[in-house]
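User: I am new to this structure and would like a close look at a single part of it. Please take one helix, describe how its residues are placed, and then set it against the rest of the chain.

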Amino acid sequence: MQRPPLKSQQNTVPQPLKETNTVSLISARATPDGARTWTVTLEIGGANIFSHEQPLPAQLTPDDFRLERLDGRPNTALTITDVKWVHPPTLVEISLFLDARAQELDNKELYQHVLRILRFPAHLLNKSQSAIPIFLLQSRQQKSTEFGVQENIPAPVIDYMAKDFEGFCQLIVTNLEKCIPDWHEVAAADSGAMLIEILAYVADYLSYRQDFVANEAYLKTALLRTSLARHARLLGYHPQEGCAARIILTCEVSAPLEIPANTAVLSNSNSTQRKLVSLNSDLFQRILSGGATCFETTRSLKATPLLNQLRIHDFGLQEFTLYAGSTSVVVEMQETDSQTGIPLTGGDIVVLQRIALSERTRSNQDSGYIRAHAVRLTHVEKLRSLHGNAAGRILVGLHWDRSDALPVDLPVVLKDEGIKLGPKTVSAVFANAIEAEFGLTRSYPVSSSEKIEPCDWQPTLPAKPLQRLASTDDDVRLSIDRFLSPRDDVLTHPAIRLLETPLNTNDLSSDSYIWHPTRDLLRHGNSDRVFKVDTNEDNTITLRFGQNGMGRTPSFCRHYTAEIREATGKTSNVGANVMTIACPPSHKFEEFADRLVRINNPLPASTTIFEESKDSIRLNSADILKDDKICGTLEDYANLAKALPDVKAATAWNIGDEPWPFIYVAILAEYSNVVDETLAHSVKKYLDLHRPVGRRLIVTGPKPVPLEIALEVIPKRGFAQTDIERDLVHLVGNTNELENHAVFSMQKITFNQILYASQIIAATAVIAGIDMVRLLAFRRTDKPGPTISDQITFARDEIPMLANKPNQPAGGQLTVQFNERVSS
């Protein structure tokens, strides 16, 4: 410990440097004349030492101080011989004398003394500062002894490899034997042993936390899955978080019925005959407790009786089959009063399903027939109206994507006997269909942020089997094959959201809001109500909110409720025809009871995708670095963009300070100087796969710079001026030309280029009718500057533009002026 600097003794009026009163030991040193006399220096500091109500004594005597031993025995070894002010009122010097017989005593008898101050004003010292410990140590190398403060004791040798409870206990005991020789452990119940164990316990915990945090800071040594996932996202790899099972539900209604989103449907595990159970009833809870599986609809459905069962048109054939690979079917439908007369549209789901069996379909030769197949319609068309007995009905063509094509044959009409339902038709189309995902949504109150700082609020929810759902933004455009069988690399989000409401339920003037989960807070602004979900090792759920503008910070005095989709039942991979109990909300129960005939899942549920293991995350993240899949420099962004089709050139730059700048990438299309939104979106989507977390990417097109070029041309005799001007425009005055010999051909235009005046002059040399050319103007029109210059430079995202259209002067102009040669 370094000695505090002494105050200068040249100052006549000392300045108060401390706000609290203190008396501290500055030094205790032996005098040069021998080892039996010592000088002790005390420093007094504080705001009240200059008080005139109780001033400090002008003269100090040995009677103002007393030396005592800590063990309570009388002090016979040390004597105070002299006390004086060195620099009043801050420094006091005390002279001590050691009796000769005390030099032969052991250290434990002379270990420490207390210098007690007796005659200082009470307002200067508190109880703890009126006694100052002084230590008398006897040197083993010499017979002399010396004084010193406790900090001046030689630092003990510490074993830094001690990291557990037993090691810290042994380390503390070893050092206590050096510092306090007369102390030894008497029993396990000794107070000293208790203090040693307390210190060892705290040191053991801190050591564990220190090693734990250090290990979690590296991808190779991290043990928590949350830490591994964060490291992976920083490298641009998104671990598979799992995906809940999905099913397709079909329903039959007796009257139009709207099935709201998140309507629960239970499996009939107990063979009950019920088709309807109230969501808030005790029966619902008993069915769940019995092991029933629950799914919830992903969106609302307006079911109508017209779509309960549609007959497949057989074109008058006695035997008709939809073969494998079919992507369309013609059905008979009752015409409606809607604008199109068809209650179906693109994006709707229909199920092609067997409704009867025959002797042929029970035989081995027909075992390849399917029982049900779901498709998502791409478009619907009205073919024609039927007449005669089928008057009022129309033929409608249903089309779906090739990915939803029939995997095997589907018999529609068979001419053998044994049909149970209907004389010939064995298959039909069910159009009241909707998607559903595994889990049941429950609400849990989250403690409000009224008593804490919003930026520090990270609520932890109890351990719940939280489900993760694939992104439903594109589900309307996804085929059913993709919906029921998502890829292993599908990005999912936790099935949780927060409802923000005012604390006072009677406050109607305050709005309510919904907070949604996000995979990355870094890409959001300060107005986005998003949060990050971390699932801990004990399955508890921690919610993290945005700070420093990366996501909105929760508000004071607001109440938050978490809606969580939880797993239910013994398994999510249910078979076909088991989800038969609808559970509508209470306010819709009567409507469901009157109009819902039955609900069912004609297809088994999709296989659940489980979360990626820790070892897999560690290996796949390392492969990202090995394969150079992450953009580390601006050149990486430009090179990746240029490697894409339809992109001829690309440049990249950043705007903003570290650590989260904006990355701008400007691209130039292959055959046009205009980049449409489709190309820009596809490039950004590709670059996002290689973008490190925290880099915000923006893809733009080039910035055209209009040019003004004026030429004075002296033609050769016998050549028409119109032909020469046409050739000049073809070679110079059109930036959309594709020929390589044109100055502004699309093959020559790029970023960061320099256009020289000599290029224009050289281009005119190939035109046969020109005798001489002189530049009258050569400049860019968007910036002020000289009319003629030797070269024109362009910025990193700029390209030259010379549209040469009279009605669009802002697009650049080429002017040609003809003069006759003056004969000499």
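Analyst: Buried means under 20% relative accessible area, exposed means over 50%, and partly exposed lies in between. The model is a predicted one. With a relative accessible area of 45%, Ile198 therefore counts as partly exposed. Ile198 belongs to helix 2, which covers residues 191–216. Ile198 is also one of the residues of a nonpolar surface patch, together with Met194, Leu195, Tyr201, Val202, Tyr205 and Leu206. The accessible area of this patch is about 730 Å² in total.

The part to look at closely is helix 4, residues 282–289. Its buried residues are Phe284, Ile287 and Leu288. Viewed down the axis of helix 4, these buried residues fall within an arc of 100 degrees, so they line one face of the helix. The general background is that an α-helix has 3.6 residues a turn, so residues three or four places apart point the same way. The other side of helix 4 carries the exposed residues Asp282, Arg286 and Ser289.

What lies over the buried residues? The cover on the buried residues of helix 4 includes strand 11 (264–267) and strand 12 (294–297). It also includes strand 23 (440–446) and strand 32 (579–583). Just after helix 4 comes Gly291, which has a positive phi of about 100 degrees.

Another part of the chain holds the largest nonpolar core, a set of 33 residues. Within this core, Ile709, Leu711, Val713, Val732 and Phe744 touch the most other members. At least two residues of the core come from each of strand 34 (647–655), strand 35 (662–669), strand 37 (703–715), helix 11 (721–731), helix 12 (757–763), strand 39 (770–780) and strand 42 (813–818). Strand 37 supplies the most, with five residues. Ile709 has contacts beyond its neighbours within four places in sequence, among them Val732, Phe744, Ile760, Leu775 and Leu814.

The whole protein chain has twelve helices and 42 strands. Of its 824 residues, 45% count as buried. Among contacts between residues at least 6 apart in sequence, 70% join residues at least 24 apart. The accessible surface of the chain is about 44500 Å², and carbon and sulfur atoms account for 51% of this surface.

How values were computed
Residues numbered from 1 in each chain as written. Predicted model: local features only at pLDDT ≥ 70, side-chain atom pairs only at ≥ 80, totals over all residues. Heavy atoms only, no water. Patch = residues over 30% accessible without salt bridge, like charges linked within 9 Å, V, L, I, M, F, W, Y side chains within 5 Å. Areas by Shrake-Rupley, 256 points an atom, 1.4 Å probe, with all protein chains shown as cover. Salt bridge = Lys/Arg side-chain N within 4 Å of Asp/Glu carboxyl O. Helix = DSSP H or I, 4+ residues; strand = E, 2+ residues; numbered from the N terminus. Buried < 20%, exposed > 50% of the residue type's maximum accessible area, 1.4 Å probe, protein only. Core = buried A, V, L, I, M, F, W, Y, C linked by side-chain atoms within 4.5 Å. Contact = heavy atoms within 4.5 Å. Arc of directions from axis to C-beta.
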